[in-house]
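Student: Please take a close look at one part of this model for me. I would like the ligand surroundings in detail.

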Amino acid sequence: MRTLILLWALWVPVAAFAQAPAPQAPQSPAPHPLPYLSKDKNLGVVNCANSLCHGSVTAWKDSNVLQTEYVTWSRVDKHANRAYQILLNERSQRIAKNLGLKEPAHEAKICVDCHGYAPPVEVRGERFKVSDGVSCEACHGPAERWIKSHTAPGATHAENVANGLYPTDDPVAQARLCLSCHFGNKDKFVNHRIMGAGHPRITFELETFTQTQPPHFVIDEDWQKRKRQWDPVRVWAIGQALAAAEILDVLLDPKRSKDGLFPELVVFDCHSCHHSMQDVRWTPRLGIGPGRIRLNDANLLMLKQIVRRTLPGDEKSYNELVSSLHKAVAGDGGDALEAARKLRAGLDVVMTKLSTRDFSNDDLRAILAGLIEDGLAGQYSDYAGAEQATMAMSSVMNFLAKRGELRTVGDANKALTRVYDTVKDDEKYKPQAFQAALADLRKTVSR
Ligand code: HEC
Ligand code: HEC
Ligand code: HEC
Ligand code: HEC
């Protein structure tokens with residue numbers, strides 16, 4: 001209840017905040033440092049790869065964990081066999097050249113920070129190699145202090161975390177980790193200049209990407225007993241809140257928010273600029289007139305569903321704040337930074353609330369219905385929103401199906417595949433086709 005009251009205090013008296021300086025976000029305990037910021041030594045993948053450790057070809061019967069993690073990672077996970085390797089290809093070399101980098105891409109810090117694991121030289125052990133790509137320690141943290149203790153009989157997860165293991169099981173910490181590369185943060189970032197040099201647009205959704213990595217872990221009862229209770233919709237919701245927070249942080253960061261006279265374009269909807277002039281796309285959905293660049297609001301649109309279900313008392317003020325942010329950014333009145341700051345502070349509270357939130361079957365059905373309704377009402381006329389909504393519907397439907405709450409799984413799956421087809425190619429996205437597929441999906445999921 002306490003967080004609810006706090007949120008109320010942060011979001012509701014909008015008029016009062018217009019005069020007073022924005023309050024500090026509530027202080028939560030210092031988060032676990034991201035692996036590349038830790039002072040511990042990194043030992044290198046070779047230390048995990050032994051067939052008696054995580055390099056077994058078959059899962060062990062008498063172990064809590066699969067022991068095949070290295071085999072999965074090295075054979076089928078793009079973090080191992082693609083993330084770094086592509087820096088050697090022609091496209092990457094061209095990006096580096098277009099940017100005027102002194103080093104080739106596979107040696108440039110700006111690239112290897114995300115396409116490999118490049119902690120400071122002082123914390124690289126003898127057998128550590130940047131070219132291993134996004135390695136075990138890039139996600140699980142440098143192993144210096146936990147390598148021995150994590151195999152000791154009776155070692156608990158909490159003890160391992162105290163020894164520097166990164167808490168990948170905590171969805172807030174996991175989201176910070178994944179988004180540090182799958183969006184960027186103040187230390188590493190793909191801005192519009194890098195995109196302009198040829199870098200692809202980056203897509204991310206925490207729950208979907210956790211499922212498709214592919215996972216080298218099984219979240220079963222034993223996992224939950226050792227770690228925490230698992231709720232994929234919570235993971236989705238936290239991923240949305242943190243992704244929205246990252247975008248607002250760019251707007252609020254004087255170093256990252258501008259490029260010459262222009263704002264940093266990466267936080268805007270790519271396709272609001274990148275499309276043919278014959279294809280007039282403006283709709284009144286944001287309350288801002290035509291001919292303006294729109295913020296990429298895909299995550300904010302998803303959060304609308306989450307706030308509605310999780311903090312119903314704050315739904316109205318949340319929607320008003322988002323709307324005032326859009327208007328202020330477009331120059332239709334109000335202070336954009338002020339609106340961004342208020343929204344950002346509210347998101348911290350949402351994240352705290354979500355970290356212990358369980359989603360009931362009614363919540364899932366309401367979120368799914370809300371996504372479909374908003375889609376049919378044209379809220380996802382911009383591609384990024386449609387793309388996020390599709391991944392969200394898929395996560396929610398999967399969870400409903402797992403709980404035995406989806407009656408016609410086969411039909412629902414077919415309808416969902418048709419929705420996916422309409423967002424497969426961002427350059428060919430047609431909002432009408434997306435809406436038609438949604439209308440069919442609605443028929444298969446309404447009870
Ligand atoms: C903030 C992290 C980040 C930085 C910095 C970054 N990238 Fe990327 N890059 C990514 C991610 C994440 C993807 C995957 C995008 C997707 O599929 O959604 C990617 C994709 C790519 C791809 C396409 C990969 C493929 O499989 O086809 C190329 C090429 C690339 N990056 C090159 C570079 C180069 C060269 C640099 C340095 C100038 C760089 N990147 C900097 C995160 C980053
Ligand atoms: C891109 C990030 C990432 C990389 C790279 C990665 N992991 Fe993981 N790993 C995760 C996540 C997320 C989980 C699931 C949450 C958890 O159990 O902590 C996980 C879980 C695990 C688990 C625990 C399973 C359980 O049941 O408790 C082990 C063991 C593991 N990983 C080993 C490895 C090894 C060994 C490597 C390298 C060969 C590796 N991981 C590479 C992200 C990663
Ligand atoms: C150190 C940076 C880094 C971290 C941390 C990281 N990734 Fe990645 N990830 C990448 C890069 C770079 C690629 C692109 C590889 C490529 O396609 O060339 C990638 C690719 C992926 C892909 C494949 C996407 C596709 O288009 O097929 C998935 C799924 C993924 N990451 C999930 C995750 C998840 C989940 C986490 C957090 C547990 C995570 N990643 C953490 C850098 C990172
Ligand atoms: C405010 C409008 C605007 C937004 C928003 C925008 N861009 Fe751009 N983009 C431009 C302009 C202008 C250029 C330069 C075009 C040229 O050189 O012909 C450009 C160039 C590019 C290029 C190189 C194209 C070329 O022909 O050289 C890529 C790739 C690109 N942008 C990707 C993106 C992505 C991805 C996003 C979203 C994350 C995005 N852009 C958002 C305006 C925008």
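Tutor: Start with the shell around ligand 1, in what is a predicted model. By class, that shell has 13 nonpolar, six polar and two charged residues. In all, 21 residues surround ligand 1. The closest are Arg 82, Cys 111, Cys 114, His 115 and His 199.

Now the polar contacts. The side chain of Arg 82 places an N or O atom 2.7 Å from an oxygen atom of ligand 1. His 115 brings a polar side-chain atom to 2.8 Å from a nitrogen atom of the ligand. Thr 203 uses its backbone instead: an N or O atom there lies 3.2 Å from an oxygen atom of ligand 1. Three elements give two or more residues to this shell: helix H5 (90–99), helix H6 (109–115) and helix H9 (171–182).

Cys 111 deserves a word. Its relative accessibility is 15%, so Cys 111 counts as buried. The structure holds zero disulfides.

Next, ligand 2. Its iron atom has two protein donors, His 140 (NE2) and His 216 (NE2), lying 2.0 Å from it. The two histidines link distant parts of the chain, 76 residues apart. His 140 sits in helix H7 (residues 136–140). His 216 is in the loop between helix H11 (206–212) and helix H12 (221–226). Six donor atoms surround the iron, and their angles run from 88 to 179°, which makes the arrangement octahedral.

The two histidines can also be placed by accessibility. His 140 has a relative accessible area of 26%, so this residue is partly exposed. His 216, at 17%, counts as buried because the cut-off is under 20%.

Conventions
Residues are numbered from 1 along each chain as its sequence is written. Chains are lettered from A and ligands numbered from 1 in the order in which they are written. This is a predicted model: local features need pLDDT of at least 70, side-chain atom pairs count only at pLDDT 80 or more; totals for chains, interfaces and linings use all residues. Side-chain values use heavy atoms; hydrogens and water are left out. Donors are N, O and S atoms within 2.8 Å of the metal (3.2 Å for Na, K and Ca); water is not among the atoms, so sites may look incomplete. Four donors count as tetrahedral if all angles lie between 85 and 135 degrees; four count as square planar and six as octahedral if opposite donors are over 155 degrees apart and all others between 65 and 115; anything else is irregular. Helices (H or I, at least four residues) and strands (E, at least two) are DSSP runs, numbered from the N terminus. Buried means under 20% relative accessible area, exposed over 50%, partly exposed in between (1.4 Å probe, protein chains only). A disulfide is a pair of cysteine sulfur atoms within 2.5 Å. A residue is near a molecule or strand if one of its heavy atoms lies within 4 Å of it. A polar contact is a pair of N or O atoms within 3.5 Å; within protein, one must be able to donate a hydrogen and the other to accept it, and residues adjacent in sequence count only if both atoms are side-chain atoms. Ala, Val, Leu, Ile, Met, Phe, Trp, Tyr, Cys and Pro count as nonpolar, Asp, Glu, Lys and Arg as charged, and the others, Gly among them, as polar.
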